[in-house]
Amino acid sequence: MNYDSRVKSETILIVQMLATCNYDAIVKHTNGIRLSKDEIAYAVNDYGCKITMPPDSVFDDLDVVEVENLLAREWSVRCPLWTKEEGRSDLSIEMSMIEDGADKLRVELDNIMIF
């Protein structure tokens with residue numbers, strides 16, 4: 001899939017934080033927009049499995065849609081999650097990534113859901 005390399009980098013970072021249960025870092029990185037630390041922890045704990053890093057190839061084939069007609073470039077991103085118990089799980093994360101000047105993307109974690 002051909003999309004902005006920053007999207008891949010930001011997705012890897014968020015998944016790493018989920019895999020290490022570093023929910024405070026996620027909230028700090030996303031400015032707490034959309035999901036709070038408690039909501040993130042609840043979604044992960046309610047699923048009942050330990051999130052792990054997926055194979056690297058997962059990040060080369062993300063579900064990315066560029067949102068059109070906005071003042072800044074924006075992407076809607078969905079990434080499947082892996083667990084220690086299952087491998088590829090039914091969980092995925094949905095994020096919005098918005099250009100925020102100087103080659104930076106602002107990340108909003110929209111949802112952690114069963115897909």
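**Exercise 1. A residue between two helices**

Task: Asn 31 lies in the loop between α2 and α3. Determine whether Asn 31 is buried or exposed, and describe its phi angle.

Solution. The structure is a predicted model, and the values below are computed from it.

Step 1. Take the accessibility. Asn 31 has a relative accessible area of 56%. Exposed means over 50%, so Asn 31 is exposed.

Step 2. Take the backbone angle. Phi of Asn 31 is near 60°, which is a positive value in a residue that is not glycine.

Step 3. Set this against the general rule. Most residues other than glycine have a negative phi.

Step 4. Look for another case in the loop. Arg 34 is also found in the loop between α2 and α3. Its phi, near 80°, is positive, and Arg 34 is not glycine. With a relative accessible area of 51%, Arg 34 is exposed.

**Exercise 2. Two helix pairs**

Task: Classify the packing of α2 with α3 and of α1 with α2 as parallel, antiparallel, perpendicular or oblique.

Solution. Two packed helices are described by the angle between their axes and the distance between the axes.

Step 1. Begin with α2 (residues 23-30) and α3 (residues 37-47), whose axes come within 9 Å and cross at roughly 130°.

Step 2. Apply the cut-offs. Roughly antiparallel needs an angle over 145 degrees, and roughly perpendicular covers 65 to 115. An angle of roughly 130° fits neither class, so α2 and α3 are oblique to each other. Their crossing is right-handed.

Step 3. List the residues that meet. On the α2 side they are Tyr 23, Asp 24, Ile 26 and Val 27; on the α3 side they are Lys 37, Ile 40, Ala 41 and Val 44.

Step 4. Turn to α1 (residues 5-19) and α2, which pack at about 150° with axes 8 Å apart. This pair is therefore roughly antiparallel, and α1 passes α2 in a left-handed crossing. From α1, the contact uses Glu 10, Leu 13, Ile 14, Met 17 and Leu 18; from α2, it uses Tyr 23, Ala 25, Ile 26, His 29 and Thr 30.

**Exercise 3. Two residues of α2**

Task: Say whether Val 27 and Thr 30 are buried, partly exposed or exposed, and list what each touches beyond four places in sequence.

Solution.

Step 1. Val 27 is placed in helix α2. Its relative accessible area is 22%, so Val 27 is partly exposed.

Step 2. Val 27 is in contact with Gly 32, Leu 35, Ser 36, Lys 37 and Ile 40. For Val 27 and Lys 37, the sequence separation is 10 residues and the C-alpha distance is 6.2 Å.

Step 3. Thr 30 is also placed in helix α2. Its relative accessible area is 0%, so Thr 30 is buried.

Step 4. Thr 30 is in contact with Ile 14, Val 107, Glu 108 and Leu 109.

**Exercise 4. Two strand residues**

Task: Locate Ile 93 and Thr 83 and describe the surroundings of each.

Solution.

Step 1. Ile 93 is found in strand β4 (residues 87-99). With a relative accessible area of 0%, Ile 93 is buried.

Step 2. Leaving out residues up to four places away in sequence, Ile 93 touches several residues, including Ile 14, Leu 18, Val 77, Leu 81 and Leu 109. Asn 45 is 48 residues away along the chain, and the C-alpha atoms of Ile 93 and Asn 45 are separated by 15 Å.

Step 3. Thr 83 belongs to strand β3 (residues 74-83) and is buried, at 2% relative accessible area.

Step 4. The side chain of Thr 83 reaches the backbone nitrogen of Glu 86 at 3.0 Å. With residues up to four places away in sequence set aside, Thr 83 touches Tyr 47, Cys 49, Lys 50, Ile 51, Thr 52 and Ser 89.

**Exercise 5. Cysteines**

Task: Explain why the sulfur of Cys 49 forms no bond with the closest cysteine sulfur.

Solution.

Step 1. A disulfide is a covalent bond between the sulfur atoms of two cysteines. A search of the whole structure finds zero disulfides.

Step 2. Cys 21 is in no disulfide, and the nearest cysteine sulfur, that of Cys 49, is 12 Å away.

Step 3. The cut-off for a disulfide is within 2.5 Å. The sulfur of Cys 49 is 12 Å from the closest cysteine sulfur, in Cys 21, and this is too far for a bond.

Step 4. Compare the accessibilities. Cys 21 is partly exposed at 41%, whereas Cys 49 counts as buried at 17%.

Notes: Residues numbered from 1 in each chain as written. Predicted model: local features only at pLDDT ≥ 70, side-chain atom pairs only at ≥ 80, totals over all residues. Heavy atoms only, no water. Helix = DSSP H or I, 4+ residues; strand = E, 2+ residues; numbered from the N terminus. Buried < 20%, exposed > 50% of the residue type's maximum accessible area, 1.4 Å probe, protein only. Contact = heavy atoms within 4.5 Å. Polar contact = N/O pair within 3.5 Å; in protein donor to acceptor, adjacent residues only side chain to side chain. Axes fitted to C-alpha atoms, helices over the stretch in contact; angles between N-to-C directions. Parallel < 35°, antiparallel > 145°, perpendicular 65-115°, else oblique. Left-handed = near helix turned anticlockwise from the far one by under 90°.
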